[in-house]
Amino acid sequence: MLRKMELLNFTDLYRFGNPFKTGATLINFDDKFHENSKTPDFFEVSSADKKIILKYNLDEKDAVYGLGQSLGGINKRGKKYRLYATDDPLHTPEKESLYGSHPFLIIKGKNTFGFFIDFPGEIVLDVGFTQTNLFTVEVSRDDFDLYVFNNADVFLIIKEFLTLTGTPYVPPKWAFGFGQSRWSYPDEKTVTDIADNFRKNKIPCDMIFLDIDYMDNYKVFTVDKKKFPNFKKFVSKMKDKGFRLLPIIDPGVKIEKGYDVYEEGLKNNYFCKDEKGNNFTAAVWPGLTHFPDFTNKTTRRWWGGLYKRLTDEGIEGFWNDMNEPALFYTKEGLDDLKKTNEEVLSKEDPGFDFFKIKDKANGLSNKASDYKRMIHITDKNEKYTNEDIHNLYGYHMTKATSDAFSEFKKNQRYFLLSRSSYVGLHRFAAIWMGDNQSWWEHMLVHIKMLISLNMCGFFYTGADVGGFGCNASPELAIRWQQLGAFTPLYRNHAAIGTRNQEPWAFDEKTMDITRDIINFRYAMSPYIYSEFMKATIELKPFIKPIFFIYEDDISKNIEDQFFFGDSIMVCPIYTPNQRGRFVYLPESKWLMWNLKKYDQTNLKIYQSGSYFIEAGIDEIPIFIKENSLTILTEPQNYTNEKPLLKLKVIGFVTDKASFTYFEDDGVSYDYKNGNYASLKIFVEKKETDYEIFFDVVESKDNKILIEEIDFEIYDEKNQIFIKKIGKNNFYKFSN
Ligand code: GLC
């Protein structure tokens, strides 16, 4: 039965059947339905074997955006997508599934509207793949909520979606610094060397990630005592040097007698069951494991509490991995493999039977039949197979972590990444883009996914810079660092067995260029933090495609340039051996900065149009929008090493522009209650000069500490206006 209600400003909710309560939305609309209301606006609805199919006829010029973590273009047309979380490390173009499910889309064109399908099982979307102008959405069960956002303004659609599903996650301020990772830095000595290398080479860094080898035999919530004899002391020593250590946590609990996490889980019935009522068993890194049933609140509480073992040692954040959940194999699968192998290999010449065994071992991982056998039992004693609610496993695992943090780290922001996700996870954690490769093609995937994820509320996100699998060349490593510097989560990560990717791992020149890039990132920190906080307050993506801002026909086609905050358009170079690239500059005039070093401004005005912009290996073209300002400061070794006292404003002002600098403690949620300071900087062009004035707002605990601001303002003739303003001066202008 289809039921409808109207809610928020322009949203309709259509309820099919009896949906599972995913927790994606914040508001409970249960008792406000009009029974048997009309069919949803825009869609034709049909059903087949308990599946519901929504159809929409695409106009030639319609574009389809959204879907968060997915391959394909930013415009999703011409491809099929299957929302079914999977651990597939080879993101080749034809793949339909990645690690998460974000069924929020916007159609822009003849009709402009958005929709969100709140359903935790499999959804297949064919966006004009089978038939050019036909968009079909196949929901695998007839129990789901369909929200339709009927508005012509894409930013308002996103705002309404985020009003419904919640404000994006805000990490601590240090999470906007640089992070170094590798599978693995397994012991104290290696981690110390990495940290010392950063400081010795004068390259800023805030975070070092601990991959699976820090554990004792991959047993979650343990630390190998031989590798880290005094973990607490070590964590604290690293923090004194300005590094946060961020350990990985996997959901699979090793089956081992005497291992307390296993024993507790067993005793209290915390694990998922199989079809016979035994604990479901499959292998991940530790070999055979059981999987906590995170759909159950009691299990979540237990699991969340386990993180305290590490937070008590001084840890302030984690990355939850393998939570699709990834299953390497089951005993049943291995038996079957053995049987087939014996059958085939007993023949002298297996002939075509060889193909029966060729991919069989690979096929044991993440098998549909295993997810069907994995049983969840909710708080209300309702049974679901994992297949039914598959896309919620990582979401619930990470919810357990975040709920626990809000209990034992009251009013303290934490760092939390999850690999698998569902809509709603964006409120309490971030995601990264999973196991990409050191391929140039994956830099472009990184750009596109960054934009699509921001549309779906995942503002703080990024990919493994330099690429996870395969070996990176020095040139790729540099170009990817240049892109990474313009992504909120800026983390270099690489797989075991691949070439090292730390800034010093290549040659002297590569290290020098990388140092300049990371220094620039730290110089931009007040801009990034201020714009990010503004984005979460306004519910407007931090990263934006240019066609959300400019409506012209060319902009619609530009998927490799993006807005980083509101003032800067970034044009990364993502192809080998290129010493420049074509850029498109819409509508207004632009101030081009071929960025090399944060303190070398070499800016030039461009009129709107298409250009080939030259950019050496150490340069990345960015453009400051007409009538906007950016702010920089001196880079530091790590975030908050020293108080930030000086700003430099670089702007392109032909009429007037303003920028709001945001300052708070960077670690608590006090800003939500207005406990932050802001300094609004105004620059207005007068006849031959500029007028600068300020608006200072301070709170109980947060004052503006800035003592001096340098201005470098460009006009349309590329003339530069430079002015230094001291604390007294800008206070004089304040309200
Ligand atoms: C998974 C993760 C990757 C991690 C590896 C080992 O492949 O995606 O980031 O390094 O597992 O833990």
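Let's begin with confidence: the chain has an average pLDDT of 96, and 98% of its residues reach at least 70. Keep in mind as you look around that this is a predicted model. Confidence varies along the chain, and two elements mark the ends of the range. Helix α15, covering residues 727-732, has the lowest mean pLDDT of the elements, at 74. Strand β13, made of residues 178-180, has the highest, at 99.

Now turn to the surface, starting close to the beginning of the numbering. Leu8, Leu26 and Ile27 together make a nonpolar surface patch of about 230 Å². To find one of its members, look at the loop between β1 (2-7) and β2 (11-16), where Leu8 sits. Leu8 has a relative accessible area of 34%, so this residue counts as partly exposed. Patch members need over 30% relative accessible area, and Leu8 has 34%.

From the patch, move along to a small group of strands. Three strands line up in the order β16-β18-β17 to form an open sheet, and their pairing is antiparallel. The strands at the edges are β16 (253-254) and β17 (281-284). Each of these has a single partner strand, which means that one side of each is left without a neighbour in the sheet. You can follow one of the pairings in detail: β16 and β18, the latter spanning residues 287-290, are joined in the antiparallel sense over two bridges. At the level of residues, Val253 has His290 in β18 as its bridge partner.

The last stop is the aromatic rings. The structure contains 75 aromatic pairs. One of them joins Phe209 and Phe415, in an edge-to-face arrangement with 5.8 Å from centre to centre and 65 degrees between the planes. This pair links distant parts of the chain, as Phe209 belongs to strand β14 (residues 207-210) and Phe415 to strand β22 (residues 415-418), 206 residues apart. Are these two rings buried or exposed? Phe209 has 0% relative accessibility and therefore counts as buried. Phe415 is also at 0%, so Phe415 counts as buried too.

Another aromatic pair is made by Phe352 and Phe355, and this one is tilted, with 6.0 Å from centre to centre and 40 degrees between the planes. Here one of the partners is out in the open: Phe352 is exposed, because its relative accessible area is 75%. As you turn the model, you can set this exposed Phe352 beside the buried Phe209 and Phe415.

Note on methods
Residues are numbered from 1 along each chain as its sequence is written. This is a predicted model: local features need pLDDT of at least 70, side-chain atom pairs count only at pLDDT 80 or more; totals for chains, interfaces and linings use all residues. Side-chain values use heavy atoms; hydrogens and water are left out. pLDDT is the predictor's confidence in each residue, from 0 to 100. Helices (H or I, at least four residues) and strands (E, at least two) are DSSP runs, numbered from the N terminus. Patches are made of residues with over 30% relative accessible area and no salt bridge: like charges are joined within 9 Å, nonpolar side chains (Val, Leu, Ile, Met, Phe, Trp, Tyr) within 5 Å. Accessible areas come from the Shrake-Rupley method with a 1.4 Å probe; for residues, only the protein chains shown count as cover. A salt bridge is a side-chain nitrogen of Lys or Arg within 4 Å of a carboxyl oxygen of Asp or Glu. Buried means under 20% relative accessible area, exposed over 50%, partly exposed in between (1.4 Å probe, protein chains only). Two strands pair if DSSP finds at least two bridges between them. Rings of Phe, Tyr and Trp (its six-membered ring) pair if their centres lie within 6.5 Å; planes under 30 degrees apart count as stacked, over 60 as edge-to-face and the rest as tilted.
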